[in-house]
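Trainee: Could you take me through one part of this protein slowly, and show me how the rest is arranged around it? Please pick a strand and stay with it for a while.

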Amino acid sequence: MLVRRLLGLASRGHTKYTRHTSGHAPHELQLTAIPYHYHEGFLPETREQFQSSFLIYDDFISVEEEQSLFNEVEPHLKRQTYEKDHWDDAISNFRETERKHWNAHNLPVIQRLQKFAFEPHLKLLPYVHVLDLAPQGYIKPHIDSARFCGDIVAVLSLLSDSVARFVHDQSKDQIVDCLVRQRSLYVMKGSSRYDFTHEILRSEDSILKDPNDNERKIDKTRRISIVCRCEPDVTIRHKT
Ligand code: OGA
Ligand code: MN
């Protein structure tokens with residue numbers, strides 16, 4: 001199955017509102033001031049590493065573009081039932097599809113995303129991965145397999161907000177939660193891609209703390225993500 005091939009299941013692994021200041025988008029989009037919650041004990045140098053390698057852009061697509069992407073993928077998704085949790089699955093309550101060709105409305109959106117998120121020398125995987133999480137669905141902590149997936153992973157979120165959690169693979173007390181809004185694009189590379197596991201929390205766990213420890217509940221409903229990846233670098237030897 002697709003997710004089993006793409007995802008190397010890893011370990012499991014909770015900050016402050018901070019302004020995301022590192023870098024600038026290549027076109028007019030600006031990095032969003034994202035609600036992040038760095039759990040207690042998160043080291044400043046690790047924060048630097050994380051923030052410069054995890055980029056998120058709110059409203060990357062419009063409501064109309066979201067609807068149009070949904071219209072194209074929904075017929076393929078709804079033919080399937082949601083898969084429940086199997087012990088070796090990285091994802092619970094999901095269904096998925098892949099798309100190589102997009103209709104004339106959506107192709108420019110996918111191309112905009114790919115041009116924006118991937119450096120020109122990287123070769124994109126021909127199939128875009130479409131992942132549909134049921135309202136009760138969630139993604140367990142994992143690092144995408146370096147055998148099947150290259151240096152950059154770009155994810156467009158449709159239908160729902162959610163909370164992504166990153167846990168440092170070597171120091172499990174280094175934990176950061178990020179709000180991933182509906183219609184946002186996030187880009188993982190470098191440290192966030194390789195040093196941290198990532199996961200999408202279940203709705204009941206989707207709580208973000210602000211610097212004053214006030215909790216904000218994020219209602220995750222059904223969520224579709226459009227995941228673009230690039231080819232792995234065949235010249236490096238992989239652990240996973
Ligand atoms: C994946 C993954 C994250 C998301 O498919 O490997 O981690 O936000 N997806 O859908
Ligand atoms: Mn992943």
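**A close look at strand β10**

Mentor: Let's start with a pair: His 168 stands opposite Phe 196 in β10. Before we follow that up, keep in mind that this is a predicted model. The protein chain has 240 residues, and buried ones make up 39% of them. Its secondary structure comes to five helices and 13 strands.

Strand β10 runs over residues 196–200, and five of its five residues are buried. Try looking along the strand and checking where each side chain goes. In a regular strand, side chains alternate between the two faces of the sheet. Here Phe 196, His 198 and Ile 200 point one way, while Thr 197 and Glu 199 point the other way. Residues on both sides of β10 are buried, Glu 199 and His 198 included.

Now for the neighbours. β7 and β10 run antiparallel and are paired over five bridges. The His 168 and Phe 196 pair that we began with is where you can pick up this part of the picture. β10 has another partner in β5, again antiparallel, this time with two bridges. There, look for Ile 139 opposite Ile 200 of β10.

Follow β5 next, as it leads to several other pieces. This strand is mostly covered, with 13 of its 17 residues buried. β5 pairs antiparallel with β4 through eight bridges, and Glu 98 has His 129 of β5 as its bridge partner. β5 is joined to β13 as well, by five bridges and again antiparallel. In that pairing, Leu 133 faces Arg 223 of β13.

β5 also matters for what sits inside. The largest nonpolar core has 49 residues, and the members that touch the most others are Ala 154, Leu 156, Val 176, Leu 185 and Tyr 186. Strand β5 (residues 128–144) contributes the largest share of this core, six residues. To see the packing at one spot, click on Tyr 186: leaving out residues up to four places away in sequence, Tyr 186 touches Phe 54, Leu 55, Ile 56, Val 155 and Val 180.

Then there's the ligand. Ligand 1 is surrounded by 10 residues, of which Leu 131, Asp 144, Val 155, Ser 225 and Val 227 are the closest. Our strand takes part: β5, β10 and β13 each supply at least two residues of this shell. β5 gives the most, with three.

What about helices? Helix α2 covers residues 44–53, and its buried residues are Phe 50, Gln 51 and Ser 53. These pack against β10, and also against β3 (54–57), β7, β8 and α5 (190–194). So that you have a second helix to set beside it, turn to α3 (residues 63–77): its 15 residues should span 21 Å at 1.5 Å a residue, and its end C-alpha atoms are 20 Å apart, which agrees. α3 does bend by about 30° at Asn 71, with a proline, Pro 75, following within four residues. Glu 66, Leu 69 and Val 73 are buried in α3. An α-helix has 3.6 residues a turn, so residues three or four places apart point the same way. Among the elements covering the buried residues of α3 are β5, β6 and β13.

Finally, go back to β7, the strand that β10 pairs with over five bridges. Leu 159 is in the loop between β6 (153–158) and β7 (162–168). This residue has a positive phi of about 75° without being a glycine, and Leu 159 is partly exposed, with 17 other C-beta atoms within 10 Å. Val 163 has a visitor from far along the chain: Pro 35 is 128 residues away in sequence, yet the C-alpha atoms are 9.9 Å apart. Pro 35 belongs to the loop between β1 (7–9) and β2 (36–38). Pro 35 counts as buried because 20 other C-beta atoms lie within 10 Å, and the cut-off for buried is 20 or more.

Conventions: Residues numbered from 1 in each chain as written. Chains lettered and ligands numbered in written order. Predicted model: local features only at pLDDT ≥ 70, side-chain atom pairs only at ≥ 80, totals over all residues. Core = buried A, V, L, I, M, F, W, Y, C linked by C-beta atoms within 7 Å. Buried ≥ 20, exposed ≤ 12 C-beta atoms within 10 Å, placed from the backbone. Contact = placed C-beta atoms within 7 Å. Expected span 1.5 Å × (residues − 1). Bend = angle between axes of the 7 residues up to and from the residue. Pairing = 2+ DSSP bridges. Near = placed C-beta within 6 Å.
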